[in-house]
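User: Could you take a close look at the aromatic ring pairs in this model? I'd love a connected walk through how they are arranged.

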Amino acid sequence: MFNKQNKEAQTITFHHYGRKGYSIFNSLKREVRIGVLTIATLSTATLDKVEASNPTLLPNIEDFADDEKSMAEVTVSGTMAPLTQLQSARIVSVLTREDIQRAGAQSVNDLMKLATGVDVRQRGGFGVQTDISIDGGIFDQITLLLNGVNISNPHTGHLAADFPVSISDIERIEVLEGAASRVYGGTAFGGAINIVTHKDAQSNLSAGAEAGSWGTMQADGRVAWVTPNLANRISGGGGRSDGGTTNSDWRKGQLYYQGSFDNQSLTLNWQAGFSKKQYGANTFYSAAYPNQFERNERYLMSVGAETKGKFVFTPSVYWNRTYDNFELIRDSRTGENFHQADAYGIKIGGHFGWWGGRTAIGADIRQEGILSTSLGKDLEEKQYVMAHGGKDDEVYYTRQDDRTNISFNLEHNILLEHWTISAGLMSSMSTSVDHKFRVYPGIDVAYRPTTNWKVYLSYNKGFRLPSFTELYYKSATHEGNKGLKPEESQSIQPGATYTRSGLQGTVRGFYHRGNNMIDWVMYAPEDTYHSTAFNLDNMGVQAELKLKFNDLMGSDTWLQTFNLGYTYIHQKRHDDQEIYKSNYALEYLRHKLTASLSHKVFSKLSANWNLRWQDRMGSYVVYETSAETGKPMATNRLQAYHPYATLDVKLQWTDKKFNLYVQGSNITNHRYFDLGNIPQPGICVLAGARINLNL
């Protein structure tokens, strides 16, 4: 499950998009691989001269016990300059490759459910459309990254979690909880999730397929070609299913390529991805229309570089495009709309070490725009653009909007034997607001009394621009608000971690004070949803425990791992105006409990069990079928969300070259709702196989 750090036997692993050995760690006489989610995550940090100039800043790793050496790993530190896990002043959760292989997940989005502080609200099975949020926020308030590249969607967060990679492509998933705007920009209002794909050490070939319930079939494959200085990897996959509920069938495919080049003076990394899917959207956006349908396409590419030397220069460029076609009534023009959202940018940064610590600077220019049949400002007829995916030549984008966001970042890290102090700020301006720069500071402090304990305290300010949907969307049931202001928050997070051989525990608290928090609300039973804003206090506590029985007992055991996590959240809205119903912001998880257990069965056969229990606040409008029309009609009755639990299991036979498995999700066949009036599928059983060959 989600770990705060990773460990490999006899190897200190510093996770990153690129992995190379560096001279500062030669004395360890171990393989060293480096990486961190930073403002220039695409590149690899050179730390030899940095550490050599500050020999007293890092305690001697050889003084640690073997199991505590993993504390010196670099993960998502929440800083612009790369810091080891020992030095990091933020708590970060990491879902490792081992955790991913054990999990009985059907999609990348399903993996997120294992994170204690992450709320995953599915509209359809298999992650067809998913809203992901952190610490009681909403889906538009986090930054989603693929190998450190921001792939968040300015159109709507509903489509942000559409990844061009499959589960088998992923090396790990990193979750940074809490405001991180000073490092990752405005979309990191409530945190960041980084999906890191596998980086191959040698040429190889892999392929897999699975099939099961509801006519579900999925397959994927990849090939990697690796030389001493050049690495290339291409993967692709697709699948189809009847979906498990009415009008929830889907078909999807994806293609992904990544490459890297490395020599003594420079590291280059690049990636490109494509995904396409179409799906029945039963009651997804309104229970009055059970026969909705949607099509999505996504394209992305990025190139990043990093120099090697005393000052590490880290430029990168990226581009994302998303197409969306929605049908209110399937195979009908009624309520149909088309959208094309683009986001592209240039990031320039660097970091260097000196006697006073480690300093990083950066600048980011991000352009966001949308062409649409319903969102944005009206275009003149001569400016109309033919809509992508239209069934004939009569469909045009008639509306448009765009904005330019500019930010400058500065950070300094003071690294002492028992202390880390990381302070920085971001100055940001958007052409969609008032062309004025605003400053968002933050400071993180960590104290290490021993190699086992670390105590944290963080304060950060965050902001987020409204999505184009929140600003402009208008229908019979929804009305956007062009006057929305950027959301702003102040976030305080205390916490502590304890790590010893085979055991790791974490306790974290958080308090977020939010201003101009955006939500869709109804003020009366007969009202439509209005995009509005209010002030909101969001607070909670989180605790996690991880056990590795082999390390804990000092011998090979039948039980392998056990993980337990719990989050409690409370919110308080500050507004004199009463509301009838909130659609997102106030429908948070009051309680979430996750537990997983892995154990051997016999020989190479093992089992992994995942239990998730959650209790959601809020309610939804009950719809009943009209006796006169036979169509769903809204009542004046609100139904509170009921707590529910799901149990998943995966049995797998693991060998060096192949893997056979059977997995079942929701094996108790429990009926539940993540979003009102959208029933989730019952028990789903899939069987699959995967082969891995070195070339």
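Analyst: Happy to! In this predicted model, the structure holds 18 aromatic pairs. A good one to begin with is Tyr285 with Phe326, an edge-to-face pair whose planes stand at 90° and whose centres are 5.2 Å apart. These two rings bring together distant parts of the chain, 41 residues apart: Tyr285 sits in the loop between strand E15 (266–281) and strand E16 (292–307), while Phe326 belongs to strand E18 (residues 316–327). Their surroundings are worth a look too. Tyr285 counts as partly exposed because its relative accessibility is 27%, whereas Phe326 has a relative accessible area of 7% and is therefore buried.

Now to another pair that links distant parts of the chain. Tyr620 and Phe673 are tilted, with 35° between the planes and 5.8 Å centre to centre. Here 53 residues separate the partners; Tyr620 lies in strand E36 (residues 619–625), and Phe673 is found in the loop between strand E39 (658–665) and strand E40 (684–694). With a relative accessible area of 11%, under the 20% cut-off, Tyr620 is buried.

Going back to Tyr285 and Phe326, ring pairs join them with Tyr279 and Phe284 into a cluster.

Aromatic rings also meet charged side chains in this model. Arg573 lies over the face of Phe534, 5.3 Å from the ring centre. Likewise, Lys650 is placed over the face of Tyr661, at 4.7 Å from the ring centre.

Conventions
Residues are numbered from 1 along each chain as its sequence is written. This is a predicted model: local features need pLDDT of at least 70, side-chain atom pairs count only at pLDDT 80 or more; totals for chains, interfaces and linings use all residues. Side-chain values use heavy atoms; hydrogens and water are left out. Rings of Phe, Tyr and Trp (its six-membered ring) pair if their centres lie within 6.5 Å; planes under 30 degrees apart count as stacked, over 60 as edge-to-face and the rest as tilted. Helices (H or I, at least four residues) and strands (E, at least two) are DSSP runs, numbered from the N terminus. Buried means under 20% relative accessible area, exposed over 50%, partly exposed in between (1.4 Å probe, protein chains only). A charge sits over a ring if NZ of Lys or CZ of Arg is within 6 Å of the ring centre and within 35 degrees of the ring normal.
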